Each structure stands twice: as C-alpha cells, then as structure tokens.
Amino acid sequence: MGRIKKKGESGNAKNYITRTQAVKKLQISLPDFRKLCIWKGIFPREPRNRKKASKSATASTTFYYAKDIQYLLHEPLLRKFREQKVLEKKISRALGRGDVTDASRLERNAARPEKTGKPRYTLDHVIRERYPTFVDALRDLDDCLSMLFLFANLPSTSTVPAKMIARCERLCLEFQHYLIKSQSLRKSFLSIKGIYYQANIQGEDILWLVPYKFNQRVVGDVDFRIMGTFIEFYMTLLGFVNFRLYTSIGLKYPPKFDQTKDDEAGELGAFKLEGNLATAISNEAPAQITNGEAEAGPDPKTQAEVNKLIREMREVDVDGDRAEAEADKDEAATDAIDKFEPAAPGGDILPQPSYSGSEPESIFANCTFYLSRETPRQPLEFILRAFGCKRIGWDSVLGEGAYTINERDPSITHQIVDRPVVQAAMEENGDGEDNQTSQKLAANQRMPGRIYVQPQWVWDSINDGEMKRPDLYAPGAQLPPHLSPFVQNTQGAYDPTIPLEEQQTEGEALEDSEEDEEAEADEDDEDLAVKRIEGGADGMDIAQSDEEEDEDSDNNSFGGFSEDEKAANDGDDSNDEEAAELQYQRELEAELTGKPIKQAPSNSQSKAKVEARKRLAKQAKEEAEELERAKGMLSKKKRKLFEQMQYTNNKKSAEDQKLRAKRRKLEKQKAKAKA
C-alpha cells in the first residue's frame, strides 16, 4: 500500500509561504525583511490557486517561494539585523529604568551611520552573489545609473540625507570620467523627462536618464525609505563597477578629489585622475588588472634582451608591410566601398559605411568651445569632453574648472549660445547696462572667425557622427527637428527625414491636390470680389441725351432670327440651364455644410482625377476581396491571430497618416509665410 499523502504537505501549500509566515520564520521586522528581499533579488510570486497555497489567503495576501525564504536563513545580514534589534531593546530598557548614561553609552557604540559615518554592514558579498561576472553587472547598470543621477539632483531632507546625495554625485562623476577617458559615449537625446545617454562598455549598450538641473520638489506621496534601500544597493554596485572600469584602463581608483573645487562647482574638474598606466588611452595599450597587488619588476638584463628581440621583429614586420603596400597600390586605387542593400523588399535598412577619416568619438578634438552663461554647462561639458574636446571655457558664474573665462579669447572656435543677441540698454554716457541678459560684448557684436551655434547642434552632431552645418543652428534660427537616435526606422513607417512626396500614398496625394485647388479657387474668388468692389465706380453707366438714345434704338432695331441661330440659341440655353442647376446644387451643399462654394475644375484635370480615384477604389476593392478569400482558407485560431495583426497594422498606418497630414499642414503654412 502506497504512502498516504497528507493535506498541506505537498504541492502549492508546500511551495509557497505568506509574508507573515516568512517574517516569523526569519525573526526580523517587516522593514528589515523588505530590505533583505530587495538586496537579495527576491520578489513575491503568484500561485496558480491561492486557496490551495493557503486557506486563509485573501486578495491582499503576498506569497513567496518557500525555497527563497529557506535560502535567506543563511544570510549573514540576518545576524547584523538581530544584533541591531537586541541593541535597540537594551537602549529602550535602559531608558525605562531612567539610566540615561547607560543608554547614551549603548547608542555611541551602535555605530550608526548618522552619528559616526561607519556602516553597520556592507553589501559586498551580496554584489558578488548577484553578479557572478562583470558583464552581468553591466547589463543591470541602466536602472542603477538612472536612480543615482536622480538622487544626485535632489535636495537634502530628513528622508534623503546630504551624505547620500554627495555620495551619489561623486559616484556619477567618477563614472562620467571613465566615459570621457575611454570615449565610450555613443548617443544622447533631449526629452521632456530629461537627457538620455547611451554608452557602449565592453560590447554592452547602457542607456540611462539624467534629469535637468532644476530645483526639485520632494513630495510626500513617495516612499523614500524603499528608494533609499535601492540607493544603498546601487551605490555599492556602482562602486564595484567603477573600480573595475578604472583598473581596466590603468587608472587608480578612487581618483583624487578636491573638496575646495567641488565647493566652487568644479564637478568634473574636482577630480584628478592618476595611475601607473595613465597614458594607456593615448597609446592604445590594454592594461592588466592586478587587483591592487604589487608585482616585482623584471631583471634588467632579461628585459634588455626582450626589447632587442621586439625591435628586430618590428623591423621585419615593417619591411613586409612595405612590400605588400607597393604590390597593392594599384588595386587600392580602384577599390570601391561596399554597399549593403536589403536582400528582400521590405527588409531592414542596414547602416552604410562611409569614407570619413575622422572617428565619431573625436569629432570635437580640434575645436575650442566657449559656453555662454545661459547654456546648461554640465551636460555640454560632459558630451564635449567625451567626444574629444580638450579646451572648454565658460563664464565665471558657471563654476570653476574652465579652460578660459575670457569671452574674447582668440583661440575659441565655437561659442554655444541659447538666446538671440539682446541689445544692452545704453545710458547717457554710452555705457551698456549688464543686467544678466546682455552679452559681455557690445550689443550685436560678434568675434570674427568664430562660429555661433545653439546647444542642439552638439546633440545632433554626436548622434549623426559628424559636425552639422552651423548655419542651421545659428542664434535665433528655426531649429531642425531633434529626432531620437534610439528609434530604428522600419520599412513603410513614417520617417521625418524623408521628403513627404516619397512616402505618401497615391490617395493622399490626390486629396492634397484637390485641397490645393479649392484653396486657390477661394483665393481667386476673394480677389475677384475685391476687384469688383474697387472697380464699381468705373463700371457705372453715364446718362445719355435723348438724341443719342434715339440713334441707338434705330441702329439696334431687331429684325428677327434665322433657323440656325434659333437652334444654336436653344443648345446654349440647355447648357446654361444644366450649369445653373449644378451651380444651384453646389450652393445648397455649401449652405448646409457651411463651407465655401466649390468651383468646377477644368475638364481635363477633373477627368484625370476622377479616373485615378476610380482606379484606386477598384484596386482597394480587389485587394479586400482577395484578402477575404485568403482568410477563408485559414482555421479559426489563425484567422483571429491574423485579424489581430491586421488591427495593429491598421492602427500604425492610421498614426502614420496623421503624422503625414500634420507635416503637410506645417509645410503649407511655412510656404504661405515665405510667399
């Protein structure tokens, strides 16, 4: 006879455990349990049958895997939490006895971070457990960077201490220094939420969001205790990542930090990078990671022999390269760059290679920038340095660390401004008033030989991998649209970079032409009405004398109609009647709809458009019939799936049509404004 199964000892009842049961089993408080679950990556689970998992389960009951809670029983942080709980009980017991001295002694020994700055515990082992390899940590760095940059811009409150904000800001600046040195930044985008950045580190694309430098208002409906738990974990994670990244390029970590410069808003300039392999980036020589252990130097004699062999090998390689270069010189002149085209119609469009000799990571290497005081200094300085610029100046009110604070410096090649030139209010003695809205230079004065652009020029240049035309981004000019570099254009979808005529359908083109004709007809009618009003006085009849009227009546005496003239007049009368009826019909339609009267177009144009409209309607009808026949061959399940796909495609095409209509309207308005 088989073993009898008891109820509640197998299946969902054994695999799941409620949160209350888990807290009792671990013998910790609920806030500590939340911290532990966040740090260890344990999250609630939903059983298939809540009643089988627990008889007393309600809609708000939270379940966890029993194995996850069993795994937490061996966590070293539990001992720290229990020690803290015991200490708090001792302090409360001492205060209950009235022994304030003993309570203060226990509190001094508690090693609270708010008092001494020494942490009660570390999360180093948790980081090593959750991320066995460095690539795993890089893949989870998106949320980490977004959260740390957010807290670095928050004001200090009781729930967000100043030490936490300073630590977040320092870790973020250290990470930015690595991106500058390694030139790993790839793209950036200005959005309404903030500034998006994308970097490529060891083959992994990392995307994070940085808020704008505005005064943040801390609201009360956000639970900063939970967010603080995440921040504590992310600070430890980014510290590990920064250490590994710095050592991989031969830099010491942490870099030297100058508190005085940081107090003067130096930010990136407050750090000084140093290391034994500080020239590794310029020489492009990979650095070896030694984990901070000192290694003994090689024997001088052995090193000299090795250097001699290396020189001989280099000479042999140079001679071989010269011979190959002479042999392939004729072929290299005729080589053409490869072009990748989609193998099938409707396939993805691949990025094409170009002959550009300069790398996109160093497009600003030969430029010297000056940032006007109304521009956002922090993102501009970071992007310019990450793409090769070494000389960046700005106004002294923006902080320390500038290459120059003199706006008249002749070495400046580009100046970034975010406003049109404002004329300074001139006083009687001829001096201009500096009221924080006028330039340091005189009104409407510019330095010769310097390029003036708006901040968007920097973002569009790095996204396209080349320096854009500066005349399109001149101060006061209408800027081109700032498009997201993270959106990949698909075949058939709306593309704002392509002319409208190349992507609109034939039906939309017909409707557009009809609207243009109606608009032109309305304008012509208005012009005619104005001309009639103006020429009314010229067209009035002048009273004639009686003798002149008698002569006219004699000359214009009627002598009767011939038969041909009668037939022609009858045909003209019938055509006039039909035209009058059509005109009357148009007037009635216009009166009902409230629109202007449509004018009859010319016969040749109207016939062509009517034929095109009929052809399009016939083609659409044939396609719909063919689609219905094809759907009849599908099973019920596949037909529903196909209808869902068709609904999604129709929705996307409708959105694209709205975007094209909006763009068409804007282009017409611009054309009218220019005319």
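Begin by selecting F364, which in this predicted model counts as buried, with a relative accessibility of 0%. The residue sits in the loop between α16 (329-334) and β8 (368-371). Add I383 to the selection and draw the C-alpha to C-alpha distance: F364 and I383 are 19 residues apart in sequence, and 9.8 Å separates them in space.

Next, select C367, a buried residue with a relative accessible area of 6%. The closest cysteine sulfur belongs to C389, and because it lies 6.7 Å from the sulfur of C367, the pair is too far apart for a bond. For the model as a whole, the count of disulfides comes to zero. Another cysteine that can be selected here is C37, which is buried as well, its relative accessible area being 5%.

From the cysteines, turn to the charged side chains. Side chains of opposite charge can pair when their charged atoms come close. In this model the count comes to 19 salt bridges, and a few of them make useful stops.

Select D102 together with R97: the two form a salt bridge in which the closest N and O atoms are 3.5 Å apart. The two partners can be coloured by accessibility, since D102 counts as buried at 16%, whereas R97 is exposed, with a relative accessible area of 54%.

Move on to R139 and E204, whose salt bridge has its closest N and O atoms 3.4 Å apart. R139 belongs to helix α9 (residues 134-139) and E204 to strand β5 (residues 204-210), so this pair ties together parts that are 65 residues apart in sequence. R139 is itself exposed, with a relative accessible area of 54%.

Then select E667 and R663, whose side chains meet in a salt bridge at 3.2 Å, N to O. Both residues lie in helix α24 (residues 636-674), where they are four residues apart, about one turn of the helix. E667 counts as partly exposed at 34% relative accessibility, while R663 is buried, with a relative accessible area of 17%. After this pair, select K40, E75 and E129, which salt bridges with shared partners join into one network.

For the last stop, show the surface and select K85, K89, K90 and R93, which gather there in a patch of positive charge. Among them, R93 is found in helix α6 (residues 76-97), and this arginine is partly exposed, with a relative accessible area of 48%.

Technical notes
Residues numbered from 1 in each chain as written. Predicted model: local features only at pLDDT ≥ 70, side-chain atom pairs only at ≥ 80, totals over all residues. Heavy atoms only, no water. Patch = residues over 30% accessible without salt bridge, like charges linked within 9 Å, V, L, I, M, F, W, Y side chains within 5 Å. Areas by Shrake-Rupley, 256 points an atom, 1.4 Å probe, with all protein chains shown as cover. Salt bridge = Lys/Arg side-chain N within 4 Å of Asp/Glu carboxyl O. Lys, Arg positive; Asp, Glu negative; His and termini not counted. Charge placed at Lys NZ, Arg CZ, Asp CG, Glu CD. Helix = DSSP H or I, 4+ residues; strand = E, 2+ residues; numbered from the N terminus. Buried < 20%, exposed > 50% of the residue type's maximum accessible area, 1.4 Å probe, protein only. Disulfide = S-S within 2.5 Å.
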